[in-house]
Amino acid sequence: MIYTNKQRDLMRLWQQNKLKRINLLEGSVSSGKTWISLVLWAFWIASMPKNKPYLMCAKSLTTLKRNCLMLLEELVGGKNFTYSITAKEGKLFGRTILLEGANDARSESKIRGISLQGAYCDELTQFPEDFFTMLLSRLRISGAKLIATTNPDKPSHWLKTQYIDRAKELDFLDLKFLIDDNTTLDPEYVKNIKLEYTGVFYERFIKGEWRAAEGAIYTDFTNNPKVFQLDAPPDDIAFCTLGMDFGGNGSAHAIVCTGYSRGLKKVVVVDEYYRKEVISPLQLERDTVDFVRRCKSRYKIIDMYCDSAEQVLIKGIKNALAREKIPINVHNARKGAIIDRIRFTASVMAIGRFFVVKKCRHLIDAFSNAVWDGKKLDDTRLDDGSVNVDSLDAFEYSIEPYMKDILNLNFLRKD
Ligand SMILES: Nc1ncnc2c1ncn2[C@@H]1O[C@H](COP(=O)(O)OP(=O)(O)OP(=O)(O)O)[C@@H](O)[C@H]1O
Ligand SMILES: [Mg+2]
């Protein structure tokens, strides 16, 4: 194993007995935090009592497996580390390791009764604060330690205000890793990954800074909207998906038709429907049928994703489409975390793979004017009726099922 200089610094702290009770490796993406944290975890555990319990957790068991357990197995070998996700348990150098997902229902109550010798947390900012507080109170065996990794978040995040800012008064080690510290990476990969992030995401995920999200969201689009606009749809659209957001209370009904070139190389919004005034469900059904028919006459479309909050309207639309014999699968939209959807869109824009046809003026307007809501605790878009988030939601519903695949094309990335 060859360490980067930064990783060697960490291992030296361990050898010199300078680790603290809580040890946090924070900073940019791909900076080598998870890799070295697992090496350290394995070495440390091998030096600790055999008959005491240890815990490894990430936001879910699936993420834990994908980001950590598979790599740990690779690093120490299948003889020294075995695990079962269904049994939620592993053995590392003969020590029992409990496995938990911090966001899984009842996870906090699961760890409530136990005393731990050690704990490992991947992507700590994604944990509920309650879970982490409980976890720390469980580390009550003499010499107990916690090793965690994370990317930075907003400065008001609990991990920053309650721990990092109080590192001196707590028994807490905070080590910053930057992408340029990871000298094992191909420089071309580093160059590309830096291009993929803009705005607040660049500050956090590349520069490794705790930054608040403020001002324009899609900075590239806001600064230079023309670059993303096409006069007409390109002729290499392989298929399209539709996303629909329902209006009410001053918001609009919006449907966005998103096209994908072969191999998902390019994302092009080719058509939109937008209606803000109050209309009857029957009118909405008629409008939807017309719009879907128009899109299907030009493109191959199999799936439509609708805001799941409106089951009655969805049912009506499904029936109307069936009555008109328009074959399309109408699904509930996934509605994953908004921050992930925003990050995705900002990325495809930044790497030059996103376009919108000029006539979709509502979506263009929405991208140009979207701003962060500085008043909210979480990173969210301003949604006070002054800007159009309906078209953005509709666009995101249309593309959500393909987000991971699209980004995976260019870059190795975790979820
Ligand atoms: N010393 C090393 N030797 C070989 N490969 C390494 C080393 N350190 C890191 N890597 C590789 O570099 C890549 C990024 O490392 P890692 O996943 O640990 O980064 P990270 O800081 O946890 O990133 P993120 O914030 O995105 O989770 C991985 O593919 C990892 O296997
Ligand atoms: Mg990591």
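This briefing covers the open sheet, the shell around ligand 1 and the setting of lysine 91. The model is predicted, so that local features need pLDDT of at least 70 and side-chain atom pairs count only at pLDDT 80 or more, while totals for chains, interfaces and linings use all residues. Residues are numbered from 1 along each chain as its sequence is written, and chains are lettered from A and ligands numbered from 1 in the order in which they are written.

**Sheet**
- Eight strands (DSSP E runs of at least two residues, numbered from the N terminus) form an open sheet of mixed pairing in the order β3-β4-β5-β2-β6-β7-β1-β8, where pairing requires at least two DSSP bridges between two strands.
- The edge strands, each paired on one side only, are β3 (81–84) and β8 (172–177).
- Strands β2 (residues 54–58) and β5 (residues 95–101) pair in the parallel sense over five bridges, and leucine 55 has leucine 98 in β5 as its bridge partner.

**Ligand 1**
- Ligand 1 is surrounded by 17 residues, the closest being Val29, Gly32, Lys33, Thr34 and Trp35, where a residue counts if its C-beta atom, placed from the backbone, lies within 6 Å of the molecule.
- Helix α2 (residues 33–46) supplies the largest share of this shell, three residues, helices being DSSP H or I runs of at least four residues.

**Lysine 91**
- Lysine 91 lies in strand β4 and is partly exposed because 13 other C-beta atoms lie within 10 Å, a class between buried (20 or more) and exposed (12 or fewer), with C-beta atoms placed from the backbone.
- The C-alpha atoms of lysine 91 and alanine 366, 275 residues apart along the chain, are separated by 51 Å.
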